[in-house]
Amino acid sequence: MIDHAHDLASVRDATERLLTAVGKLDNASVTESSRLPGWSRGHVLAHLSRNADALVNVLEGRPMYVSGEARDADIERDAPRPLDAQLADLRESAARFQGTGATPADWSRTVELRGGVTDSASRVPFRRWAEVELHHVDLGIGYELEDLPAEFTARETDFLAARFAGHPDVPPTRLTDGTRAWRTGREADTPEVTVTGPPAGLLGWLAGRRAGSALAVEGGPLPALPPL
């Protein structure tokens with residue numbers, strides 16, 4: 001059972017961590033490259049602000065983005081802004097998202113995200129939490145996968161393992177951190193490959209943030225995962 005109120009509080013806490021960390025940067029740092037190919041830190045920050053507004057659209061029954069082209073154009077427009085403008089936008093868009101989340105609503109309803117993907121409204125706060133946490137790491141400013149809250153790491157691993165489950169290009173795979181285990185990839189009675197590693201290492205690989213070189217693999221090579 002998804003507790004959307006709990007996740008909204010987690011989004012708020014993650015956003016405060018992000019704002020505190022970004023507030024220590026300067027204008028030059030914002031223009032430097034992030035860990036995402038082709039994106040500066042300004043691109044990441046602009047994306048986070050526009051994503052908050054896009055998820056407000058989702059919760060209020062509008063299309064998430066006018067179009068993919070409009071989404072990309074908005075990020076490119078906002079990426080070069082100075083630090084104070086980025087911070088103000090992050091705060092204001094986050095407040096809009098929290099305000100929408102606090103409005104009484106049927107959280108069991110189905111909503112439509114980007115590309116026709118549908119989900120329960122109750123999962124939207126967790127999706128926002130994932131955006132804030134992973135993109136904080138992507139900024140490359142000292143916040144690492146190992147710093148993520150344990151609850152988030154476990155739940156995002158659940159989500160990504162389920163996302164790749166049944167994918168024809170991913171062999172039947174068992175993932176384990178030594179305490180918990182997940183299954184992903186093509187359906188089979190037994191997994192072809194077992195991937196073992198620490199929680200942050202498994203999440204980093206599943207989320208496309210790490211190549212997986214520190215993971216132990218049995219039964220074959222480390223599977224190549226489709227892009228998210």
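How much space lies in the largest pocket? About 1,000 Å³. The model is a predicted one, and its pockets are the topic here.

Start with how such spaces are found. A probe the size of a water molecule is rolled over the atoms, and this shows where empty space is left.

Now look at the walls of the largest pocket. Its lining counts 33 residues. Find Glu131, His135, Arg163, Arg209 and Leu228 in the structure, because these lie nearest the centre of the pocket, where a lining residue is one with an atom within 4 Å of a pocket point. Four helices each give two or more residues to this lining: H3 (41-59), H6 (124-138), H7 (150-164) and H8 (199-206). H6 supplies the largest share, 6 residues.

What is the chemical character of the lining of the largest pocket? Its residues split into 22 nonpolar, 7 charged and 4 polar.

Next, turn to the second largest pocket. About 160 Å³ of space lies there. This pocket is lined by 13 residues. Closest to its centre are Asn57, Pro63, Met64, Tyr65 and Val66.

Which helices each supply at least two residues of this second lining? They are H3 and H4 (68-78). H3 gives the most, with 4 residues. By class, the lining of the second largest pocket holds 6 nonpolar, 5 charged and 2 polar residues.

One helix is worth tracing again. H3 gives two or more residues to the lining of the largest pocket, and H3 also gives 4 residues to the lining of the second largest pocket.

Methods. Residues numbered from 1 in each chain as written. Predicted model: local features only at pLDDT ≥ 70, side-chain atom pairs only at ≥ 80, totals over all residues. Heavy atoms only, no water. 1 Å grid on protein atoms, 1.4 Å probe; cavity = no way out; pocket = protein on both sides within 12 Å on 5 of 7 lines; lining within 4 Å. Points joined across faces, edges and corners; volume = space filled by probe spheres on them. Nonpolar A, V, L, I, M, F, W, Y, C, P; charged D, E, K, R; others polar.
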